[in-house]
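Colleague: Got a minute? I'd like to go through this model with you.

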Amino acid sequence: MSSSESSSPSLLHSFIAGGAAGLTVDVSLFPLDTLKTRLQSAEGLMRSGGLRGLYSGVGAAATGSIPTAALFFITYDGLARRASERLSPGWLPAAQGAAAAAGETVAAVVRVPVEVVKQRRQARPDVSARHIITTTLAEEGFAGMYRGFLTTVLREVPFAILQLPLWEALKAAWGRQRGRPVEPWQSGLCGGVAGGVSAAITTPLDVAKTRIMLADRHSQLASGGLVAALRIIRQENGLAGLFAGVVPRVLWISTGGSVFFGSYSLVMRLIS
């Protein structure tokens, strides 16, 4: 990979750097994520909590952020490194996209239950995480903790296919201009641009995922798939409904991308 990190990060390095980056961004920017979730909920911003309890659900997010980000980078770095050793440079963007897609799919095993609890806490700040977990397990079983799994993967994979190759390309271009690999802060800026662009494009998928996770378990949204959710949202709220929360989402992910990839690059440099 063309980056300021080690060209061959070990699995341990990927775990440490990815976990540290995930925890940093998830906790520091959590209020923006809460606003985005409430804007996307069927009840709207004010009826789902308004501006109060913006850190509701942060415990679930913090608990899941380290293993989620670590699993992603272990998978991504491992596959991207093998691709860089075996493929010509022209094939690297496609390989990086495939590696990112694989990383997001693996990470979703941890991310989805965390998202279910986190988003329900964000939309219902007066309800505890323990109550949400016990109620979900009692009413829906273990599968309830994975409601929206496929939709989450279908959101994350296109996002990652856009974001990671764009991040790598921006770093490579900046590095060529400088004549040496980019610094961690420059890697972070590249990650912010890549994240913002990818976030805007994939917002409808994020809205659908949020509505499915928050829906009543007997509703059509809860039992339907991605296409059905997009159709219902379009019918109920129009085209604007598909882009609900796009401003906080882009702001959150572009800022988060800067913090995430900057932190990842810095920690990777310190431990390599």
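Modeller: Sure, let's talk about the overall fold, one helix and some aromatic rings.

Modeller: Before that, a warning: this is a predicted model, where local features need pLDDT of at least 70, side-chain atom pairs count only at pLDDT 80 or more, and totals for chains, interfaces and linings use all residues. Residues are numbered from 1 along each chain as its sequence is written, and side-chain values use heavy atoms, with hydrogens and water left out.

Colleague: Okay. How many helices and strands are there in the protein?

Modeller: The protein has 12 helices and 0 strands. Helices here are DSSP runs of H or I with at least four residues, strands are E runs of at least two, and both are numbered from the N terminus.

Colleague: And what's the radius of gyration?

Modeller: The protein has 18 Å, which agrees with the value near 19 Å that a compact globule of 272 residues would have. That radius is taken over C-alpha atoms, and the globule rule is 2.2 Å times the number of residues to the power 0.38.

Colleague: What share of the residues is buried?

Modeller: Of the 272 residues, 53% count as buried. Buried means under 20% relative accessible area, exposed means over 50%, and partly exposed is in between (1.4 Å probe, protein chains only).

Colleague: Let's switch to α2. How many of its residues are buried?

Modeller: Helix α2 covers residues 30-40, and 9 of its 11 residues are buried. Among them are Phe30, Leu35 and Arg38.

Colleague: What covers the buried residues of α2?

Modeller: The cover includes α1 (11-28), α4 (58-86) and α12 (246-271).

Colleague: New topic: how many aromatic pairs does the count come to?

Modeller: The count comes to 12 aromatic pairs. Rings of Phe, Tyr and Trp (its six-membered ring) pair if their centres lie within 6.5 Å; planes under 30 degrees apart count as stacked, over 60 as edge-to-face and the rest as tilted.

Colleague: Why is the pair of Phe72 and Phe73 edge-to-face?

Modeller: Their ring centres are 5.1 Å apart and their planes are at 80 degrees, so the pair is edge-to-face.

Colleague: And what about Phe72 and Tyr76?

Modeller: Phe72 and Tyr76 are stacked, with 5.7 Å centre to centre and 5 degrees between the planes. They are 4 residues apart in helix α4, so about one helical turn separates them.

Colleague: Is Tyr76 buried or exposed?

Modeller: Tyr76 counts as buried because its relative accessibility is 0%.

Colleague: Which residues form one aromatic cluster?

Modeller: Phe72, Phe73, Tyr76, Trp167, Phe260, Phe261 and Tyr264.

Definitions and conventions. Contact means heavy atoms within 4.5 Å.
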